[in-house]
Each structure stands twice: as C-alpha cells, then as structure tokens.
Amino acid sequence: MKKIILSTLVLLAVSACKKENQKIEKENGSSDTISTVETKQPEASKINLKQTSPQELSKDLAKSNDTLYVTNFFATWCGPCMQEIPHFKKKIQELDGKAVKFTFVNIYNKPAWETEVPVFAKESGLADKIVLLDDSKIDQNFFSNFSSWKGNGIPFTFFRKGNKTDEIEGSMSEEILNEKINSFLK
C-alpha cells in the first residue's frame with residue numbers, strides 16, 4: 001500500500017512539474033527549436049571618425065587667434081573622462097555660434113576605435129568633434145605643447161585663445177569648466 005501511495009505522489013509531482021514547465025515555455029515563447037537572430041552591424045559602427053597624427057594635432061594646439069580652442073584628451077574606458085562629458089556637452093550647446101571650438105581626442109586602446117568609440121560618438125552626439133590619436137606614435141616632442149601634462153593621466157583638457165593657455169589634468173566639475181572657459185571669453 002505504501003508503494004502505491006508513494007508511486008502516486010511521485011507521478012503527481014512529475015506531472016505537475018511538466019505542466020509548470022510547459023506553462024513557462026508558453027509565457028516565454030520557448031520551444032525545443034533553436035531560434036536564430038539576424039545580427040545587423042550596429043549603426044554606430046558606420047561612423048567614420050577622423051584619425052590624426054601627433055604632428056597635425058600639435059599644429060591645431062598651437063593655433064593662436066581669437067577662437068577659444070578646448071581640447072579634451074579622453075578614453076571611453078576612463079570613468080572620470082565619461083563623468084565630465086555631460087558638462088562639455090552642456091557648454092557646447094550654451095556657446096553655439098560663438099568662437100569656441102571643442103575637440104575630443106581619443107587616445108589609448110586603439111582596438112576600441114572600431115567598437116566602443118563609434119558607439120560613444122553616436123550616443124553622445126559628439127562624432128563631429130572626436131578625433132583619434134594613436135598613442136604609440138606620440139613622442140616626447142608632442143608633450144612640449146603643454147606646461148605640465150606628460151601623458152601620464154587622463155582626462156586632460158587644454159585651453160588656448162591667442163597666446164593665453166591653461167591646462168587641467170583630471171576630471172572637471174561643471175563649475176570648474178565654466179570658470180576656465182569664462183576666463184578666456186572675458
């Protein structure tokens with residue numbers, strides 16, 4: 001008698017599990033067949049970002065006229081770099097139409113130029129302001145453009161208008177970015 005009761009309970013338990021499994025499969029749309037998903041190349045990977053050389057960038061950094069040049073060195077994997085990007089975006093919108101040119105220089109991690117950087121460029125809306133600089137081509141002559149930065153940390157931002165320059169190594173708050181830019185636009 002015990003065997004009959006025990007067998008009945010086991011059959012009920014198995015039956016209940018099977019029904020619950022079928023219910024879950026119906027809710028999730030699962031089946032025993034393998035579904036295939038067509039993978040499309042992400043739209044961001046179609047963005048062509050400009051590569052620059054240390055020599056070309058040095059020429060840009062040396063421009064001495066009435067335009068304020070704000071050049072930010074960053075990498076997509078750099079947390080502090082990404083924290084300050086919204087401040088830059090806000091300032092870009094604020095200064096639209098003024099003689100201010102923002103450039104974001106992506107250095108380090110060249111393999112990310114095919115994947116992460118285009119995605120960041122598209123999501124941030126900064127694709128037209130991003131250039132790629134191969135850090136393996138940078139020599140000590142390049143760092144003569146700066147009074148303090150030797151390439152040892154990012155983010156790094158260089159400001160130039162005429163002969164006046166300023167530099168910030170490390171992430172900037174919105175207030176500091178505003179102060180720096182306003183000091184050049186007086």
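Helix 2 lies across strand 1, strand 2, strand 3, strand 4 and strand 5 of this predicted model, and its direction is at about 90° to strand 1. Helix 3 also packs on strands, lying across strand 2, strand 3 and strand 5; relative to strand 3, helix 3 runs at about 160°.

The strands beneath these helices belong to an open sheet of 6 strands, ordered 1-4-3-2-5-6 with mixed pairing. Strand 1 (50-52) and strand 6 (164-169) each have a single partner strand, so one side of each has no neighbour in the sheet. From one strand to the next, the twist averages 25°. At one edge, strand 1 pairs with strand 4 in the parallel sense over 3 bridges, and T52 has L133 in strand 4 as its bridge partner.

Along the protein chain, 5 helices and 6 strands follow one another from the N terminus as α-β-α-β-α-β-α-β-β-β-α. Of the contacts between residues at least 6 apart in sequence, 68% join residues at least 24 apart.

The interior can be described next. The largest nonpolar core has 43 residues, and F73, I130 and F142 have the most contacts inside it. Elements that give two or more residues to this core include helix 2 (54-61), helix 3 (79-94) and helix 5 (174-185), while strand 3 supplies the largest share, 5 residues. Beyond four places in sequence, F142 touches P54, L57, S58, L61, F73, L133 and W149.

For the protein chain as a whole, 35% of the 186 residues count as buried. The chain exposes about 12,000 Å², of which carbon and sulfur atoms supply 52%.

Methods
Residues are numbered from 1 along each chain as its sequence is written. This is a predicted model: local features need pLDDT of at least 70, side-chain atom pairs count only at pLDDT 80 or more; totals for chains, interfaces and linings use all residues. Side-chain values use heavy atoms; hydrogens and water are left out. A nonpolar core is a set of buried Ala, Val, Leu, Ile, Met, Phe, Trp, Tyr and Cys residues joined through side-chain atoms within 4.5 Å. Buried means under 20% relative accessible area, exposed over 50%, partly exposed in between (1.4 Å probe, protein chains only). Helices (H or I, at least four residues) and strands (E, at least two) are DSSP runs, numbered from the N terminus. Contact means heavy atoms within 4.5 Å. Accessible areas come from the Shrake-Rupley method with a 1.4 Å probe; for residues, only the protein chains shown count as cover. Two strands pair if DSSP finds at least two bridges between them. Axes are lines fitted to C-alpha atoms, for helices over the stretch in contact, and angles run from 0 to 180 degrees between N-to-C directions.
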